[in-house]
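Visitor: Please take a close look at one part of this model, a pair of packed helices, and then work outward from there to the rest.

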Amino acid sequence: MKNIVKEIKSKFSNHHDFFIEEELVDKTAIYLIGFNTLIDLPKSKLYVQQIAASSSSVKALFINLSDQIEVDTEQLLKAILEGKLVIVSKDNEENVIVDPIAQNLSRSIEEPKNESAIQASMDAFGEDININIGMIRKRLNTERLCHSSYQVGDLDKRRLSMLYIKGRTPNILIEKVNQQLMQINSDIETIDDLNRQFGKRRLSPVSHLSTTELPIQAIHSLKKNRIVLFMDNYPFALVFPNLIWDMFSIENDRNFPFVLTFMLRIFRVIGAMATVVLPALYVALVSVNPGIFRADLALFVAKSREGIPLSAFLETILMVVIVDLILEAIVRLPKSVGPSITMVGGIILGQAMVEAKLVSNLLVIVITAVVIASSAVVGMQNSLYIRLLKYPILVLASLFGILGVWTGFIFTVIYLASLTSDDIPYLTFKIEQEGDTK
């Protein structure tokens, strides 16, 4: 291969979806160059062969294909990034930029099923890994976006792809993730299977990976020096590493003025803290430290619990477990009937429990506030683990009151601070830029 082809190949050596295909036209070799995630290569090759059949020479073929002939290397590189098909003759005397038959990267406008996109693009990732990568390239057409591909598994070979921006993502992080993915020798059937490859602690509820089905959010993560992983037949991007700020901040927030963006993120922080602390605080103030209340407020609380045979701890545990069961039922039942059945069932059950004097009215208010607060954080997985963290604090509150609440909260923060993903702490708010190109 001559200089132009060699230069193009060296430029895209880190891109595993990059191809150089050799074809013969009139006994002269030509090279077809591009990205197979942006170009439908079999159909484009057939199109070129059909035009070649009616062309007397390579030069005539190039003239019949396009009017962008004999352009410089910089234009060729730009065309490749834009999803064009570049054809170069073997002797480097001629080249042409062709509009190929492109991969179908557009879909009918539909709302993402698991995330609400406000004032943003409404398309979402699908099961085809090439289309997912193409959707990223379509929005982020820079040569610094690098792509590595892996085949993992024993019985079930599965394709994984890693994307990162060269010069932004730290080189040491890229090397570690690359090594961890290359060492996978077991089948990857679930996200937790992949999660364990990054050293997940067995009993930890916090994942190394955060998920998103929105291309705009995946691109935002790439720009924030993260790595984005795609798994074949899985319609989500997996962002590594997962950091605590991911549950409070999304790219769509930036569509609003700064004051509103700040307010939304503060509300999410309040929601996470309320989910963890409120049930425990209720138990502590009602059963262990009632003296903290003013006299009239203490009398009101005592009256609301009049005739209830269960202790504050047992009634709170009962309500918290029932609410978590209702939330799980909403997820598992068919979407056409699930929310209606569980909402009606929850209202009837809650009202019946209050009338039967099994739980107090005040507790129902507290639990309702917790359900709303837990839904304010970003991501279903984050909501689940935040709901789990309230149980140990609730137990401590029943034993030690207010002291138990704050001790449990402090130990929870210490535990989260101890979590790392490839030596990056979970409580980090920003990954420093340490790549080659600044």
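**A helix pair and its surroundings**

Guide: Helix H9 and helix H11 cross in a right-handed sense, that is, the near helix is turned clockwise from the far one by less than a right angle, an anticlockwise turn being left-handed. This is a predicted model, in which local features need pLDDT of at least 70 and side-chain atom pairs count only at pLDDT 80 or more, while totals for chains, interfaces and linings use all residues. Residues are numbered from 1 along each chain as its sequence is written, and side-chain values use heavy atoms, with hydrogens and water left out.

Two packed helices are described by the angle between their axes and by the distance between those axes. For H9 and H11 (residues 312–332), the angle is about 160° and the axes are 9 Å apart. That makes H9 roughly antiparallel to H11. The axes are lines fitted to C-alpha atoms, for helices over the stretch in contact, and the angle runs from 0 to 180 degrees between N-to-C directions. Angles over 145 degrees count as roughly antiparallel, under 35 as roughly parallel, 65 to 115 as roughly perpendicular, and the rest as oblique. Helices (H or I, at least four residues) and strands (E, at least two) are DSSP runs, numbered from the N terminus.

H9 covers residues 258–288, and valine 259 belongs to it. Because its relative accessibility is 62%, valine 259 counts as exposed; the cut-offs are over 50% relative accessible area for exposed, under 20% for buried, and partly exposed in between (1.4 Å probe, protein chains only). Valine 259 is one of the residues in a nonpolar surface patch, together with Phe258, Leu260, Phe262, Met263, Ile266, Phe267 and Ile270. The patch has about 810 Å² of accessible area in total. Accessible areas come from the Shrake-Rupley method with a 1.4 Å probe, and for residues only the protein chains shown count as cover. Patch members have over 30% relative accessible area and no salt bridge; nonpolar side chains (Val, Leu, Ile, Met, Phe, Trp, Tyr) are joined within 5 Å, and like charges within 9 Å.

H9 also holds one end of a salt bridge: aspartate 253 pairs with arginine 268, with the closest N and O atoms 2.7 Å apart. Arginine 268 is in H9 and aspartate 253 in the loop between strand S9 (237–240) and H9, so the pair ties together parts that are 15 residues apart in sequence. Aspartate 253 and arginine 268 are both buried. The loop between S9 and H9 contains proline 241 as well. A cis peptide bond, with omega of about -5°, joins phenylalanine 240 to proline 241. Most peptide bonds are trans, and most residues other than glycine have a negative phi.

Two residues have a positive phi without being glycine. Asparagine 225 has phi near 70° and sits in the loop between H8 and strand S8 (227–231); at 6% relative accessibility, asparagine 225 is buried. Aspartate 422 has phi of about 50° and lies in the loop between strand S10 (420–421) and strand S11 (424–425). Aspartate 422 is also buried, at 14%.

Helix H8 (residues 215–223) packs against helix H5 (residues 129–139) at an angle of about 70°, with the axes 10 Å apart. That makes H5 roughly perpendicular to H8. The crossing of H5 and H8 is right-handed.

The structure holds 16 salt bridges, each a side-chain nitrogen of Lys or Arg within 4 Å of a carboxyl oxygen of Asp or Glu. Among them is the pair of lysine 45 and glutamate 23, whose closest N and O atoms are 3.4 Å apart. Lysine 45 lies in helix H2 (residues 41–53) and glutamate 23 in strand S1 (residues 18–25), so this pair ties together parts 22 residues apart in sequence. Glutamate 23 is buried, with a relative accessible area of 17%. Glu21 joins Glu23 and Lys45 in a network of salt bridges.

Another salt bridge joins aspartate 193 and arginine 196 at 2.7 Å, N to O. Both residues lie in helix H7 (residues 191–196), 3 residues apart, about one turn of the helix. Aspartate 193 is buried at 13% relative accessibility, whereas arginine 196 is partly exposed at 47%.
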